[in-house]
Amino acid sequence: MSYNRREFLKNITLGGLALFADDWCKRVAETKAATDGKQLPDVSGKKRKKGTQVLNAFWIEGAGYFELCLNGTKYDEVPKFEDDDDESFDESEHEQEDDESKADFKERVEAAREEWDEERASERREREEEHEMDWYRHSCPGAQAVPYLQGLFDALDEQGTQVSLADVSEVGSIDFYDGACPGNDTYVAATAPDYATLAALQRVLKELGWNCQVVIVEPNPNDAADRQD
């Protein structure tokens with residue numbers, strides 16, 4: 001498993017505006033408690049505008065983080081493989097030899113057809129595997145979230161985001177995964193560890209003017225338990 005991380009810090013300022021001041025943190029805690037961690041402060045109760053992109057968040061219990069999916073879900077299936085190879089076996093390429101009986105010739109052609117079919121089936125399986133791998137690594141909603149969020153951090157860098165080192169306190173981090181484990185390259189994903197990080201992500205998207213809404217589809221069940229406690 002390989003990944004890299006970009007941090008969100010409470011004292012980030014953007015254009016002189018402190019994004020994560022104490023009043024913001026209080027509002028995050030209140031919204032989390034009121035909604036059992038299902039909605040975020042900057043979008044709670046608001047109607048989504050037409051054309052808004054969506055970062056859907058799914059809590060992965062075993063991993064202990066939210067997986068983010070751009071304009072889709074982690075349950076989206078690989079699109080059907082469309083094979084444009086319409087080549088068929090050409091029997092005319094085989095001619096009966098002078099000393100070969102009709103039965104032997106037919107048997108030889110059928111053997112050639114079977115071998116041809118097996119080779120084409122093997123090639124198709126390989127193309128299907130390549131199609132599936134490409135989808136998981138580049139086209140699925142989870143993989144699509146990676147370059148989108150990396151672009152967000154690039155935009156923050158370009159705008160000269162200021163970070164005061166006097167009181168550095170982490171809200172959380174966005175992690176970028178490339179491979180679930182050695183030998184498995186299909187898992188390409190962006191993740192967030194908790195509700196506060198999703199709230200921070202939504203705040204940054206809003207302040208940068210990106211038309212994107214973070215939607216918690218599957219919340220962390222512990223967020224509801226926190227309210228009951």
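**Exercise 1. Work out why strand E8 of this predicted model counts as largely enclosed by the rest of the structure.**

*Solution.* Start by finding the strand: E8 covers residues 188-192. Next, take one face at a time. On one side you'll find Val188, Ala190 and Ala192, and these are buried. Now flip to the other side, where Ala189 and Thr191 are buried as well. Buried here means under 20% relative accessible area. Put the two faces together and 5 of the 5 residues are buried, so E8 is largely enclosed by the rest of the structure.

**Exercise 2. Find out which strand E5 is joined to by 3 bridges, and how the two run.**

*Solution.* Look for E5 at residues 65-70. Follow its 3 bridges and you land on E8, with the two strands running antiparallel. For a handy landmark, pick Leu68: it stands opposite Ala190 in E8. Ala190 is one of the buried residues from the first exercise.

**Exercise 3. Track down what Ile60 touches beyond its neighbours within four places in sequence.**

*Solution.* First, place the residue: Ile60 sits in strand E4, residues 53-60. Then set aside those neighbours, and you're left with contacts to Tyr65, Glu67 and Lys74. Finally, hop to Thr191, which is 131 residues away along the chain; its C-alpha atom is 9.7 Å from that of Ile60.

**Exercise 4. Check whether the length of helix H3 agrees with the span expected at 1.5 Å a residue.**

*Solution.* H3 takes in residues 141-158, which is 18 residues. The expected span uses one less than the number of residues. At 1.5 Å a residue that gives 26 Å, and the end C-alpha atoms are 26 Å apart, so the two agree. While you're there, have a look at the buried residues of H3, among them Val146, Tyr148, Leu149, Leu152 and Phe153.

**Exercise 5. Describe how H2 packs against H3.**

*Solution.* Begin with the geometry: H2 (residues 102-139) meets H3 at an angle of about 40 degrees, and their axes are 5 Å apart. That angle makes H2 oblique to H3. Now for who meets whom: Trp135, Tyr136, Arg137, His138 and Ser139 in H2 meet Pro141, Ala143 and Gln144 in H3. Sort that contact by class and you get 4 nonpolar, 3 polar and 1 charged residues. Two of the H3 partners, Pro141 and Ala143, are buried.

**Exercise 6. Zoom out: how many helices and strands does the protein chain have?**

*Solution.* Count 5 helices and 9 strands. Read along the sequence, they follow β-β-β-α-β-β-α-α-β-β-β-α-β-α. Of the 229 residues in the chain, 36% are buried.

Definitions and conventions: Residues are numbered from 1 along each chain as its sequence is written. This is a predicted model: local features need pLDDT of at least 70, side-chain atom pairs count only at pLDDT 80 or more; totals for chains, interfaces and linings use all residues. Side-chain values use heavy atoms; hydrogens and water are left out. Helices (H or I, at least four residues) and strands (E, at least two) are DSSP runs, numbered from the N terminus. Buried means under 20% relative accessible area, exposed over 50%, partly exposed in between (1.4 Å probe, protein chains only). Two strands pair if DSSP finds at least two bridges between them. Axes are lines fitted to C-alpha atoms, for helices over the stretch in contact, and angles run from 0 to 180 degrees between N-to-C directions. Angles under 35 degrees count as roughly parallel, over 145 as roughly antiparallel, 65 to 115 as roughly perpendicular and the rest as oblique. Contact means heavy atoms within 4.5 Å. Ala, Val, Leu, Ile, Met, Phe, Trp, Tyr, Cys and Pro count as nonpolar, Asp, Glu, Lys and Arg as charged, and the others, Gly among them, as polar.
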